[in-house]
Amino acid sequence: MWHDAVLVAGKDLRIEARARVALWQVVPFAVLVLVLLAFAIGPNQSSLRHAAPGIFWVALLFSTVLAIQRSVAVESGEGTRDGLRLSGIDPAGIFLGKAAAVGLQLLLLQVVLWAGITFLFDVRVHVVWLALAASLLATVGLACAGVLYGALSAGLRVRDTLLPLLVLPVLAPVLLAGSKAWQAALDGNAASGTQWLKILVPFAVIYLVVGVVLYGPLQEAA
Amino acid sequence: MSAQTMIRRPSWFTVVGVLGVVAMAFTVWLGLWITPPDQFQGNLARLLYIHPAIATVALYWVGLVAAGGSLLYLWPRTRSLFWDRLAAASVEVGAVFAALTLVTGSLWGRPVWGVWWTWDARLTSTALLLLLEIGYLALRRVPADPAIRARRCAVAALLIAIDIPIVHFSVDWWNTLHQGGTFIDPGFQIHASPSMSWTFLLGFVAFSLLFVWFLGVRYQVEVLQDAIGDQELEVSLSERWSEDTDLVGAAASAPTPGPGTGAP
Amino acid sequence: MSYVDAGYAIALGSLLVYAVSLVLRRRRWERALRMSEPAVEADAAPAGSEPS
């Protein structure tokens with residue numbers, strides 16, 4: 001399973017390296033969300049500084065939807081999914097591989113978003129380990145839940161409008177806990193932030209396990 | 001068009017490049033060493049020898065070429081892939097200059113306002129322009145018949161040109177309603193001595209010349225890329241491009257044909 | 001390093017990097033074009049040398 005995961009992750013990442021869709025489309029989109037939310041909140045510097053962690057996570061969540069759609073689209077060519085299924089690769093491995101590839105892209109995206117809010121909203125991360133921990137845990141959860149729901153909506157013609165509707169409510173706890181954790185990290189208040197990691201850890205573990213177990217049956221059913 | 005005609009470079013073009021570099025060297029020399037510090041802004045004013053010039057290129061020259069080229073392409077009388085390629089070249093060069101506008105602007109703003117970024121109309125519209133230009137460049141990379149791609153990109157460029165003034169106006173309004181007054185133009189807070197004014201002007205000339213050079217080289221790259229696309233290499237390239245599905249996904253629409261399927 | 005120096009360095013440095021990258025791109029595509037040209041010229045030469 002692990003070997004297959006590495007194989008699939010490598011394939012997805014290599015395709016991305018050639019096509020550079022995440023780089024040219026998802027990253028600018030994320031920055032765009034930052035700008036648009038700033039417009040929504042207004043030019044008051046202190047409001048923006050206060051809203052910065054929430055803006056970071058909303059931008060991340062919307063971009064995750066795009067990254068998932070891209071991850072699914074890579075295999076939407078004629079017979080590609082069937083080919084993958086018939087190739088004998090362990091479906092759990094496919095799930096882990098795709099989730100790993102998406103996760104890596106999300107991590108890089110978070111670096112860009114972090115730079116974005118630091119630059120645009122004039123904030124600084126004071127408790128670095130907290131921010132990092134929250135981001136890493138959240139990324140695992142986002143990637144796993146995302147790839148799972150991506151598979152759920154994969155064959156459908158209404159995939160592009162259905163996926164956001166399905167997956168965003170599911171990802172809401174990550175948004176909640178992530179913003180709170182980052183707010184604590186930006187304020188320098190580690191104590192209040194740590195409790196929010198208690199949501200992110202189970203979320204990540206649950207969707208990792210559920211994904212490994214359900215991805216295969218999901219592919220068979222599609 | 002043979003390889004020879006495509007590779008040949010007009011001599012005036014190299015001259016423009018050399019003049020641009022020379023003007024740039026003089027601007028730097030004058031700007032950093034010869035001119036006196038400003039009585040209000042001190043040495044920070046030296047950034048104003050390059051920042052407004054870069055911004056002018058990014059907003060006005062690029063806008064002129066991209067919008068003008070797109071219009072000329074769409075107009076049947078003057079339709080020619082030359083205009084499309086010129087517009088596309090200017091958008092890429094424009095994105096570089098827009099990014100530099102933001103960087104030099106922030107570096108100037110940081111010591112003055114204490115923050116790296118402020119949501120004033122100019123900076124914000126330039127930021128949005130950069131994002132729109134990245135969108136255009138992403139659109140351009142989608143494989144398609146050159147004429148279709150040209151039409152698509154021309155419309156995109158015109159929409160961007162129309163949009164930026166609207167954005168600028170709205171952000172300006174958004175800001176002034178909040179601040180209750182106009183944002184003081186930092187450029188006017190300079191008491192310019194003659195050497196400063198000349199350096200300022202020289203900076204404009206230098207960056208404008210360099211813009212023409214960049215535009216030319218990027219245009220040549222565009223022409224060469226299209227030429228290669230028409231030939232045998234197209235086969236292996238379209239294999240690579242078939243992996244380049246856009247976000248809407250191939251499931252929702254028929255797969256686009258590889259490049260070069262139209263008449264050369 | 002002052003803000004001014006940083007500004008000049010970044011602006012000019014970036015333009016230099018971009019210029020070099022453009023020239024290298026142009027050279028790469030020119031080379032590709034030249035390599036695919038001989039096939040076309042070889043076909044054209046005998047046709048051009050035929051007496052009218």
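This is a stop-by-stop tour of a predicted model, going through chain A, then chain B, then chain C.

**Stop 1: chain A as a whole**

Select chain A and show it as a cartoon. Eight helices and zero strands make up its secondary structure, so the pattern read along the sequence is α-α-α-α-α-α-α-α. Turn the chain along its principal axes: the C-alpha trace spans about 55 × 30 × 30 Å. The radius of gyration of chain A is 18 Å, which agrees with the value near 17 Å for a compact globule of 222 residues. Of those 222 residues, 50% count as buried. If you display contacts with a separation of 6 or more, 84% of them in chain A join residues 24 or more positions apart.

**Stop 2: helices H2 and H5 of chain A**

Select residues 21–41 of chain A, which form helix H2, together with residues 91–121 of chain A, which form helix H5. The two helices pack at an angle of about 35 degrees, and their axes are 10 Å apart. The crossing of H2(A) past H5(A) is right-handed.

Now show the side chains where the two helices meet. From H2(A), pick Ala22(A), Val26(A), Val27(A), Ala30(A), Val31(A), Leu34(A) and Ala38(A). From H5(A), pick Gln105(A), Leu109(A), Val112(A), Leu113(A), Gly116(A), Ile117(A) and Leu120(A). What kinds of residue make up the contact of H2(A) with H5(A)? The residues divide into 12 nonpolar, two polar and no charged.

**Stop 3: Asp122 of chain A**

Go on to Asp122(A), in the loop between H5 and helix H6 (128–153) of chain A. Look at the backbone here: Asp122(A) is not a glycine, yet has a positive phi of about 60 degrees. Is Asp122(A) buried or exposed? Asp122(A) is partly exposed, because 18 other C-beta atoms lie within 10 Å, while the buried class begins at 20.

**Stop 4: Arg159 of chain A**

Select Arg159(A), which lies in helix H7 (residues 159–187) of chain A. Why does Arg159(A) count as buried? Arg159(A) has 21 C-beta neighbours inside 10 Å, and 20 or more are needed for a residue to be buried.

Add Leu132(A) to the selection and draw a distance line from C-alpha to C-alpha. Arg159(A) and Leu132(A) are 32 Å apart in space and 27 residues apart in sequence.

**Stop 5: confidence along chain B**

Move to chain B and colour by pLDDT. The mean for chain B is 82, and 78% of the residues in chain B reach 70 or more. Helix H3 (residues 51–74) of chain B has the highest confidence in the chain, at a mean of 94, and helix H1 (residues 3–7) of chain B the lowest, at 63.

Two stretches of chain B deserve a separate selection. Residues 180–184 of chain B have a pLDDT below 50, and this stretch has four contacts in the model beyond near neighbours in sequence. Residues 254–264 of chain B also have a pLDDT below 50, with 20 contacts in the model beyond near neighbours in sequence.

**Stop 6: chain C and its side against chain B**

Finally, select chain C. Chain C has one helix and zero strands. Of the 52 residues of chain C, 17% count as buried.

Keep chain B visible and show the interface. Here 23 residues of chain C are in contact with 31 residues of chain B. On the side of chain C that touches chain B, the residues comprise 14 nonpolar, four polar and five charged.

Definitions and conventions: Residues are numbered from 1 along each chain as its sequence is written. Chains are lettered from A and ligands numbered from 1 in the order in which they are written. This is a predicted model: local features need pLDDT of at least 70, side-chain atom pairs count only at pLDDT 80 or more; totals for chains, interfaces and linings use all residues. Two residues are in contact if their C-beta atoms, placed from the backbone, lie within 7 Å. Ala, Val, Leu, Ile, Met, Phe, Trp, Tyr, Cys and Pro count as nonpolar, Asp, Glu, Lys and Arg as charged, and the others, Gly among them, as polar. Axes are lines fitted to C-alpha atoms, for helices over the stretch in contact, and angles run from 0 to 180 degrees between N-to-C directions. Helices (H or I, at least four residues) and strands (E, at least two) are DSSP runs, numbered from the N terminus. A crossing is left-handed if the near helix is turned anticlockwise from the far one by less than a right angle, and right-handed if clockwise. The radius of gyration is taken over C-alpha atoms; the globule rule is 2.2 Å times the number of residues to the power 0.38. A residue is buried if 20 or more other C-beta atoms lie within 10 Å of its own, exposed if 12 or fewer, and partly exposed in between; C-beta atoms are placed from the backbone. pLDDT is the predictor's confidence in each residue, from 0 to 100.
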